[in-house]
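Me: I have a structure open and want to go through its strands and its core. Please take the questions one at a time.

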Amino acid sequence: MIPGKYRSVSGRAASNVNCGLHLVIQTSSLPEKNKVEFKLNKETPSFPGRLLQHDLERNYSSRQGDHINLVSSSMPSFPILQRSSEEKILYSDRLTLERQKLTVCPIIDGEEHLRLLNFQHNFITRIQNISNLQRLIFLDLYDNQIEEISGLSTLRSLRVLLLGKNRIKKISNLENLKSLDVLDLHGNQITKIENVNHLCDLRVLNLARNLLSHVDNLNGLDSLTELNLRHNQITFVRDVDNLPCLQRLFLSFNSISTFESVCCLADSTSLSDITFDGNPIAQESWYKHTILQNMMQLRQLDMKRITEEERRMASVVAKKEEEKKRESHKQSLLKEKKRLTINNVARKWDLQQHRITNIATNQDIKDSDSQDHCQNDGSTISAFPEETGSLDSGLTSALQGLSVTDTHLVEVDGDTLSLYGSGALECLDRNWSVQTAGMVTTVSFTFIEFDEIVQVLPKLKIKFPNSLHLKFKETNLVMLQQFNALAQLRRVDQLTIDPQGNPVVNFTLWKYYVLFRLSHFNMQKINGTEVTQNDMIMAERLFGILAHVASSELPQYHLISILGDARKKQFRYLLETKGKKPGIVNEENNDSKRLVGESTNRATLNYTTRDFYNEKLEEIKEKKKFCKMYIEDLVKEATEINMKNEALQKLWPQMFIELVRDAVMEIRNKNSYMKLCLQQITDQK
């Protein structure tokens with residue numbers, strides 16, 4: 001709204017300008033005799049009383065300009081406008097040349113006291129010939145064809161400049177208009193707000209219906225109270241919170257789609273009236289509540305007064321939205337933490353696999369060229385990443401940057417238990433609630449050695465009795481024998497082996513082997529594919545005979561050691577029934593025998609993990625060492641005994657002769673011998 005003093009100026013214009021105005025307009029190149037007189041229509045209405053509000057972009061459709069008939073000159077020059085002394089006294093401070101089909105600004109002589117000049121609804125292309133009107137405070141050039149702001153540098157007293165509906169592409173040449181109070185540039189082709197920071201007294205700025213895509217560069221407009229930006233292409237707003245006096249902001253019909261793009265408005269303490277209608281943001285369900293919650297100082301939104309009930313409802317909804325946002329933020333953090341943890345586990349897994357590969361490579365090199373390695377022991381040691389310092393240094397530093405707790409992940413999502421990293425297997429020792437454990441039907445293993453998984457399968461069977469679907473990804477499943485370990489579970493309906501990190505899926509017959517070895521589970525799906533009866537028949541044909549041969553070639557003691565306790569009883573039952581007559585065993589026992597025989601054949605196909613196998617090897621080595629030492633001691637003792645026996649055989653003849661000789665000599669004198677014996681007996685007592 002324009003200040004009162006400008007309303008009074010236009011009001012006086014409305015009361016006085018209706019009187020007849022006798023003007024003489026001549027071209028500057030014509031002699032005095034060629035003066036042409038024009039009379040203004042006495043019916044001409046005044047310059048409108050209203051000045052600027054938020055709708056300055058509207059046409060002055062209800063207003064009619066002074067009716068002046070201009071006679072064009074054949075010579076290219078500016079028309080000169082002159083008024084009589086009487087008219088100058090009567091309308092000394094204002095002049096209206098509205099709708100006069102002017103293409104240039106006429107030369108206005110002797111009108112230095114003009115304060116209001118109206119050129120609207122003409123065809124003027126350039127602002128000129130008004131530099132002498134240094135007391136002008138109101139200039140209206142609405143609805144012309146001006147392409148550049150110019151010719152105003154001397155109008156230091158100008159307070160109101162109306163340049164709406166022209167062809168201006170850039171805001172410029174306003175440096176000397178520091179007293180400007182109202183600037184109307186609506187309906188032009190302006191793409192950027194610029195060169196207005198020095199207008200510290202500007203209170204109204206109208207940039208509606210331009211080509212603005214963003215709002216910024218408003219610093220310095222400390223007196224601005226109204227900013228009209230309707231009908232542009234604005235997507236975000238900045239710097240508005242730096243306008244200390246801004247009360248009304250009109251952003252209708254732009255391209256604002258999020259509150260974040262205008263969040264600076266929430267920091268404005270003076271803003272009381274704002275419009276967003278016609279923007280994508282106004283179509284959102286959260287629009288009104290979000291605006292009211294973040295801009296508590298507003299009194300009007302989209303030209304409608306805000307009630308206390310609306311504020312209360314906005315507060316309630318905003319709290320709910322805030323809770324949702326916090327929960328969403330929490331979930332986002334959890335997802336990010338999960339992603340980082342999985343990445344860390346993957347890096348650790350890759351580093352581990354790289355080490356294993358290096359070990360295997362070095363072993364092959366050692367076997368092929370042992371002599372060279374004996375001469376250069378350091379080359380074998382340097383193959384390990386942590387000892388080289390340069391190999392996989394990025395992975396090593398990444399691992400050091402994360403805490404120990406981030407080296408594995410346990411996640412329960414609905415009915416799926418996901419385990420990442422070998423450390424996650426420790427979760428099977430937790431005290432899981434009955435409800436949670438009962439819900440889990442799918443268990444997924446990722447970045448875990450299959451041999452480590454085998455060791456916890458008994459716990460898995462107990463902790464999660466309803467688990468029916470097993471998934472393996474990056475678990476080093478490399479041979480068919482490893483599937484034998486799954487037979488110890490209670491039940492498996494589905495099995496998913498991801499090709500990534502599990503080379504066993506490259507074997508053509510791996511699915512048939514799984515169906516044969518785990519036939520007692522009645523598998524329903526393998527890698528998402530339904531298991532058919534033909535698949536079961538093919539599996540039996542391929543591996544049934546091999547399993548029978550394997551079990552029949554094993555010694556009974558070895559076979560019994562492989563089987564579990566329950567299978568041992570069944571096996572002994574089979575052995576006992578072999579000695580009975582055929583008539584004693586009925587058909588039911590025959591069926592039982594057949595079924596038990598099939599289970600026994602499959603049971604011989606077991607799997608021993610590398611660690612367990614290495615432990616057995618160590619135990620066997622210890623036993624061999626003990627047996628060897630024991631045999632060596634026995635041999636040594638036997639050798640000593642034999643040597644003593646040989647020595648005795650050599651000395652015995654001479655010893656025998658001496659014994660006989662001593663005996664003969666002792667008993668040669670019978671009486672003496674008897675006395676000696678009695679004496680010995682007496683001495684012994």
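**Strands and cores**

Reply: Leu161 stands opposite Leu183 in S9. The model is a predicted one.

Me: How do strands S8 and S9 run, parallel or antiparallel?

Reply: Strand S8 covers residues 160–162 and strand S9 covers residues 182–184. Three bridges join the two. Their direction is parallel.

Me: Which strands are the edge strands of the open sheet?

Reply: The open sheet has 11 strands with mixed pairing, in the order S4-S6-S7-S8-S9-S10-S12-S14-S15-S16-S17. An edge strand here pairs on one side only. That applies to strand S4 (94–96) and strand S17 (304–305).

Me: Which helix gives the most to the largest nonpolar core?

Reply: The largest nonpolar core has 68 residues, and those touching the most other members include Leu161, Leu249 and Leu265. A helix spanning residues 287–294 gives three residues to this core, and that helix is H3.

Me: Which residues is Leu265 in contact with, leaving aside neighbours within four places in sequence?

Reply: Leu265 belongs to the 68-residue core. With heavy atoms within 4.5 Å as the cut-off, its partners are Val237, Val240, Leu249, Leu251, Leu271, Ile274, Phe276, Met295 and Gln297.

Me: Which residue is the bridge partner of Asp413 in S19?

Reply: Strands S18 (residues 409–413) and S19 (residues 416–420) run antiparallel and are joined by five bridges. They form a hairpin with two residues between them, and Gly414 in the turn has a positive phi of about 70°. Across the hairpin, Asp413 is bridged to Thr416.

Key: Residues are numbered from 1 along each chain as its sequence is written. This is a predicted model: local features need pLDDT of at least 70, side-chain atom pairs count only at pLDDT 80 or more; totals for chains, interfaces and linings use all residues. Side-chain values use heavy atoms; hydrogens and water are left out. Two strands pair if DSSP finds at least two bridges between them. Helices (H or I, at least four residues) and strands (E, at least two) are DSSP runs, numbered from the N terminus. A nonpolar core is a set of buried Ala, Val, Leu, Ile, Met, Phe, Trp, Tyr and Cys residues joined through side-chain atoms within 4.5 Å. Buried means under 20% relative accessible area, exposed over 50%, partly exposed in between (1.4 Å probe, protein chains only).
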